[in-house]
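Work through the exercises below with the model open. Try each task before reading its solution.

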Amino acid sequence: MTSPTPAPKSPIVFVVDDDISVRESLELLIKFAGWQPETFASAEDFLARPRTLTPSCLVLDVSLPDLNGLELQKLIAGDRIDMPIIFITGHGDVPMTVQAMKAGAIEFLMKPFDDEVLLSAIRNAINRSAAVLDDQAELKALRESYESLTPREQEIMRLVVAGMLNKQIGLKLGISEITVKAHRGKVMQKMKADSLAGLVKIAMRLGLAPAKNPWHSSSNL
């Protein structure tokens with residue numbers, strides 16, 4: 001898998017359509033709206049393009065040579081959740097629309113479509129993409145912070161968010177309560193958590209704590 005390329009300044013709208021007149025008209029429309037268009041004549045050409053970490057969406061024709069739009073959607077669905085798909089087609093039907101929407105497409109437009117309808121769909125898709133990328137960046141930062149903890153600090157963090165008191169953690173690990181407090185302070189500092197509730201939320205995001213956690217809000221401090 002190729003490494004993501006540095007993010008350009010403006011959001012990218014990818015267009016995959018085998019009709020050159022459609023590609024050219026959408027390229028002009030997208031540029032005029034202030035986004036960065038990139039057009040491709042086939043799914044294969046699009047797949048050869050390196051990944052990018054910038055808000056983006058994919059305007060995708062259903063009927064393509066070789067690999068069609070629905071097949072491309074299936075290929076990238078799990079790997080590119082930060083890139084919403086807007087389908088366009090001149091030959092759509094209800095089952096096709098249902099299949100595309102169930103697989104995660106945010107819009108299914110029949111050609112010819114109104115420019116404003118497409119622009120509105122693109123705007124929505126780019127906002128979603130930006131939110132997903134922000135969430136992924138936040139999660140990456142949390143994972144890096146967790147990896148910066150020593151093995152003992154990681155162990156104490158898991159016990160703290162599981163609801164154990166400092167005294168209980170000390171007995172379990174065979175260390176003093178003062179030592180537990182010292183490690184716990186380091187955990188809070190490195191994880192940038194300003195409260196026990198904040199640490200629990202972080203642990204939940206990292207998959208270290210159940211969604212409903214039986215921790216003690218006051219006596220556990």
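**Exercise 1. Decide whether Lys 192 is buried, partly exposed or exposed, then place it in the chain.**

Solution. Start with the relative accessible area of Lys 192: 70%. Apply the cut-offs: buried is under 20%, exposed is over 50%, partly exposed is in between (1.4 Å probe, protein chains only). Lys 192 is therefore exposed. Next, its location: the loop between H8 and H9. Helices (H or I, at least four residues) and strands (E, at least two) are DSSP runs, numbered from the N terminus. Last, the backbone: Lys 192 has a positive phi of about 55°, although it is not a glycine.

The model is predicted: local features need pLDDT of at least 70, side-chain atom pairs need pLDDT 80 or more, and totals for chains, interfaces and linings use all residues. Residues are numbered from 1 along each chain as its sequence is written, and side-chain values use heavy atoms, without hydrogens or water.

**Exercise 2. Find where Asp 66 lies and describe its backbone.**

Solution. Asp 66 sits in the loop between strand E3 (56–61) and helix H3 (69–76). Its phi is positive, about 60°, and it is not a glycine. Its relative accessible area is 71%, so Asp 66 is exposed. Now turn to Gly 163, which follows H6. Its phi is also positive, near 105°.

**Exercise 3. Which parts of the chain does the salt bridge of Lys 111 and Asp 17 tie together?**

Solution. Recall the rule: a side-chain nitrogen of Lys or Arg within 4 Å of a carboxyl oxygen of Asp or Glu. By this rule the count comes to 10 salt bridges. In the one between Lys 111 and Asp 17, the closest N and O atoms are 2.8 Å apart. Lys 111 is in the loop between strand E5 (107–110) and H5, and Asp 17 is in the loop between strand E1 (12–16) and helix H1 (20–32), so the pair ties together parts 94 residues apart in sequence. Check burial for each partner. Asp 17 is buried, at 0% relative accessible area. Lys 111 is partly exposed, at 26%. Then look at the peptide bond from Lys 111 to Pro 112: it is cis, with omega near -10°. Pro 112 belongs to the loop between E5 and H5.

**Exercise 4. Compare the salt bridges of Asp 135 with Arg 205 and of Lys 140 with Glu 144.**

Solution. Take Asp 135 and Arg 205 to begin with; their N to O distance is 3.0 Å. Asp 135 is in helix H5 and Arg 205 in helix H9, so this pair links distant parts of the chain, 70 residues apart. Asp 135 is partly exposed at 37% relative accessibility, and Arg 205 is partly exposed at 30%. Now the other pair: Lys 140 and Glu 144 meet at 2.7 Å, N to O. Both lie in helix H5, 4 residues apart, about one turn of the helix. An α-helix has 3.6 residues a turn, so residues three or four places apart point the same way. Glu 144 is partly exposed, at 43% relative accessible area.

**Exercise 5. Which elements give two or more residues to the largest nonpolar core?**

Solution. A nonpolar core is a set of buried Ala, Val, Leu, Ile, Met, Phe, Trp, Tyr and Cys residues joined through side-chain atoms within 4.5 Å. The largest has 23 residues; among those with the most contacts inside it are Met 157, Ile 169 and Leu 206. The contributing elements are H5 (115–147), H6 (151–161), H7 (166–173), H8 (177–190) and H9 (196–205). Another core, of 21 residues, lies apart from it and includes Leu 58 and Phe 108. Zoom in on H6: its buried residues include Glu 153, Ile 156 and Val 160. They pack against H5, H7, H8 and H9. Contact means heavy atoms within 4.5 Å. Ile 169 touches Ile 156, Leu 159, Val 160, Met 164 and Val 180, not counting residues up to four places away in sequence.

**Exercise 6. How are the rings of Phe 14 and Phe 40 arranged?**

Solution. Rings of Phe, Tyr and Trp (its six-membered ring) pair if their centres lie within 6.5 Å; planes under 30 degrees apart are stacked, over 60 edge-to-face, the rest tilted. The count comes to 4 aromatic pairs. For Phe 14 and Phe 40, the centres are 6.2 Å apart and the planes are at 40°, so the pair is tilted. Phe 14 and Phe 40 are both buried. With Phe 46, they form one aromatic cluster.
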